[in-house]
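Here's a walk through one protein chain, from its overall build down to a couple of individual side chains. Keep the 3D view open as you read.

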Amino acid sequence: MDRAELTDWIDGYERAWRAPGTDALTELFTEDAAYSTGPYENPHRGLDAIREMWEAERSGPDEEFEMSSEVVAVEGHTGVARVEVHYRSPKDREYRDLWIVRLDGSGLCSHFEEWPFWPADQEGAAAAGASG
């Protein structure tokens, strides 16, 4: 992976978040990908679990938000990016995240780990995966 490949993957993630349904996730994640919404959260394992979490966590494809990202580091198949998301009404929330993304040889993510942070005056929580 290089910085451009990670940037392209992040752009695809944003396009998928803005699109209806979850079909675009097959262009982002491997069938057996692990997606963790926090460093101590159990990951959502497999594309079906990621689809379920994806739909539960977003308001829908017309959700109003602005997203920016900056690649921090890339080594081998793993990249780290700083991502900021500002949601507008009705959520009016903001997040600063670190994303750890591992891509396979075809550019699909096999491991995604998010380290989300939000302002002290804002309530937030990671979307926990299955226990055990």
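What follows starts with the whole chain, moves on to the sheet and its strands, and ends with two residues.

## The big picture

First, a caveat: this is a predicted model. The protein chain has two helices and six strands. Read from the N terminus, they come in the order α-β-β-α-β-β-β-β.

How does the radius of gyration sit with that of a compact globule? The chain comes out at 14 Å, and a compact globule of 132 residues would be near 14 Å, so the two agree. If you'd rather think in boxes, the C-alpha atoms fill one of roughly 40 × 30 × 30 Å along the principal axes.

## Inside, outside and charge

Of the 132 residues, 39% are buried. Take the contacts with a sequence separation of 6 or more: 53% of those are between residues 24 or more positions apart.

On the outside, the accessible surface adds up to about 7,500 Å², and carbon and sulfur atoms supply 47% of that. As for charge, the chain carries 12 positive and 29 negative ones. Their mean positions are 2 Å apart.

## How the sheet is put together

In what order do the six strands line up in the sheet? The sheet is open, its pairing is mixed, and the order is β2-β1-β6-β5-β4-β3. That leaves β2 and β3 (65-75) as the edge strands, each pairing on one side only.

Let's go across it from the β2 side. Strand β2 (residues 44-45) pairs with β1 through two bridges in the antiparallel sense, and Ala34 has Arg45 of β2 as its bridge partner. Next, β1 and β6 run parallel, with four bridges between them; here Tyr35 is matched with Phe112 in β6. Strand β1 (residues 29-36) is also mostly covered, with six of its eight residues buried.

## The antiparallel side

From β6 onward, keep going across the sheet. Strand β6 (residues 109-117) and β5 are antiparallel and share eight bridges, with Ile100 standing opposite Glu113 of β6. Their hairpin has five residues between the strands, and in it Gly107 adopts a positive phi near 85°.

Then come β5 and strand β4 (residues 78-87), also running antiparallel, this time with nine bridges. Val83 has Asp97 of β5 as its bridge partner. Finally, β4 joins β3 in antiparallel fashion through 10 bridges, and Glu66 stands opposite His86 of β4. The β3–β4 hairpin has two residues between its strands, and Gly76 in the turn has a positive phi of about 60°.

## Two-faced strands

In a regular strand, side chains alternate between the two faces of the sheet. Strand β5 (residues 94-103) is a nice one to check on screen. Which of its side chains point to the buried face? They are Tyr95, Asp97, Trp99, Val101 and Leu103. Glu94, Arg96, Leu98, Ile100 and Arg102 point to the other face and are not buried.

Next door, β4 also has two faces to compare. Gly79, Ala81, Val83, Val85 and Tyr87 make up its covered face. The uncovered face has Thr78, Val80, Arg82, Glu84 and His86.

## Two residues up close

Start with Glu14, which belongs to helix α1 (residues 3-18). Is Glu14 buried or exposed? Its relative accessibility is 18%, and the cut-off for buried is under 20%, so Glu14 counts as buried. Setting aside neighbours within four places in sequence, Glu14 is in contact with Phe65 and Met67.

Now go to Arg102 in strand β5. With a relative accessible area of 38%, Arg102 is partly exposed. Not counting residues up to four places away in sequence, Arg102 touches His77, Thr78, Leu108, Cys109, Ser110 and His111. To see how far Arg102 lies from Arg18, check their C-alpha atoms: they are 22 Å apart, with the two positions 84 residues apart along the chain.

Technical notes. Residues numbered from 1 in each chain as written. Predicted model: local features only at pLDDT ≥ 70, side-chain atom pairs only at ≥ 80, totals over all residues. Heavy atoms only, no water. Rg over C-alpha atoms; globule rule 2.2 N^0.38 Å. Buried < 20%, exposed > 50% of the residue type's maximum accessible area, 1.4 Å probe, protein only. Contact = heavy atoms within 4.5 Å. Areas by Shrake-Rupley, 256 points an atom, 1.4 Å probe, with all protein chains shown as cover. Lys, Arg positive; Asp, Glu negative; His and termini not counted. Charge placed at Lys NZ, Arg CZ, Asp CG, Glu CD. Pairing = 2+ DSSP bridges.
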